[in-house]
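The following exercises are to be worked with the sequence and the 3D structure at hand. Each task is followed by a stepwise solution.

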Amino acid sequence: MTNQTDLFGAAPIRCEYYPVLLPDEEGMAAVTALNQILVEHGVKPSQLTKLPHISIDGVICPENDEKVTNDITAFLATQSALPIEFSELGYYPGRGGVTLKLGIRNAEVIKEFNRNFMEAINGKVTKLDLHLTLARYVNPEVLERLMQIDIELPDCTCRSVAIYKKEFKAKGAYEVVGRVGFGG
């Protein structure tokens with residue numbers, strides 16, 4: 001006896017793909033130095049973001065890493081490096097503690113980049129609150145101490161994206177399926 005899946009195949013798995021902006025080497029070095037300051041003031045190393053990035057919008061489509069990567073690569077080949085101007089240390093409240101973030105001063109430049117990017121890859125544009133996440137699940141008392149010191153990250157440039165993926169509406173972490181450079 002043959003079942004429908006054998007005859008017609010299974011429905012394609014839908015995935016969420018998110019390209020995230022990565023600071024260049026100098027920017028990553030500055031984040032590493034900032035992370036050291038955070039740890040000195042009570043943030044646990046395990047709370048630090050493993051891959052510091054700036055989230056932008058993405059695309060939900062049938063699983064096809066190669067096609068999505070090719071579409072992203074084709075768009076990025078036409079783009080210049082993207083300057084990022086950081087603003088102050090901020091936070092998002094959460095149940096297990098606060099999430100520490102750096103705001104983005106030149107958000108409109110990144111939002112325009114995002115609109116063009118999503119148009120090119122058939123992604124969906126949402127209302128972005130652009131930021132670089134530094135640490136999660138931080139005790140609010142540690143945040144109070146950090147707000148007493150002057151923390152600034154020098155501006156940086158983004159010259160690559162990491163492509164995050166997970167099954168649509170699945171719980172759990174995203175996996176990185178690739179990295180694409182741009183802007184020479």
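**Exercise 1. The largest pocket**

Task: In this predicted model, state how much space lies in the largest pocket, which residues lie nearest its centre, and which strands each supply at least two residues of its lining.

Solution.
Step 1. The space in the largest pocket comes to about 550 Å³.
Step 2. Its lining consists of 23 residues; nearest the centre lie Thr-49, His-53, Thr-133, Arg-136 and Tyr-164.
Step 3. Assign the lining to strands. At least two residues each come from S1 (14–23), S7 (131–138) and S8 (156–167). Strand S7 gives the largest share, with four residues.
Step 4. Classify the lining by residue type: eleven of its residues are nonpolar, nine are polar and three are charged.

**Exercise 2. The two faces of helix H2**

Task: Determine which residues of helix H2 are buried, which exposed residues its opposite face carries, and what the buried residues pack against.

Solution.
Step 1. Establish the extent of the helix. H2 covers residues 25–40, 16 residues in total, and reaches 23 Å from its first C-alpha to its last, close to the 22 Å expected at 1.5 Å a residue.
Step 2. Apply the cut-off of under 20% relative accessible area for buried residues. In H2 this category holds Gly-27, Ala-30, Val-31, Leu-34, Asn-35 and Leu-38. These residues lie on the same side of H2, because they cover an arc of only 145° around the axis.
Step 3. Recall the underlying geometry: an α-helix has 3.6 residues a turn, so residues three or four places apart point the same way.
Step 4. Turn to the face directed away from the buried side of H2. The exposed residues there are Glu-25, Glu-26, Thr-32 and Glu-40.
Step 5. Identify the packing partners. The buried residues of H2 pack against S1, S6 (98–104), S7, S8 and helix H5 (140–146).
Step 6. Examine what follows the helix. Just after H2, Gly-42 adopts a positive phi of about 115°.

**Exercise 3. The overall fold**

Task: State how many helices and strands the protein has, in what order its elements run, and what percentage of its residues count as buried.

Solution.
Step 1. Count the elements: the protein has five helices and nine strands.
Step 2. Read them from the N terminus; the order is α-β-α-β-β-α-β-β-β-α-β-α-β-β.
Step 3. Consider the dimensions. The C-alpha trace spans about 70 × 40 × 25 Å along its principal axes.
Step 4. Consider burial: 43% of the 184 residues count as buried.
Step 5. Consider contacts between residues at least 6 apart in sequence. Of these, 77% join residues at least 24 apart.

How values were computed: Residues numbered from 1 in each chain as written. Predicted model: local features only at pLDDT ≥ 70, side-chain atom pairs only at ≥ 80, totals over all residues. Heavy atoms only, no water. 1 Å grid on protein atoms, 1.4 Å probe; cavity = no way out; pocket = protein on both sides within 12 Å on 5 of 7 lines; lining within 4 Å. Points joined across faces, edges and corners; volume = space filled by probe spheres on them. Nonpolar A, V, L, I, M, F, W, Y, C, P; charged D, E, K, R; others polar. Expected span 1.5 Å × (residues − 1). Buried < 20%, exposed > 50% of the residue type's maximum accessible area, 1.4 Å probe, protein only. Arc of directions from axis to C-beta. Contact = heavy atoms within 4.5 Å.
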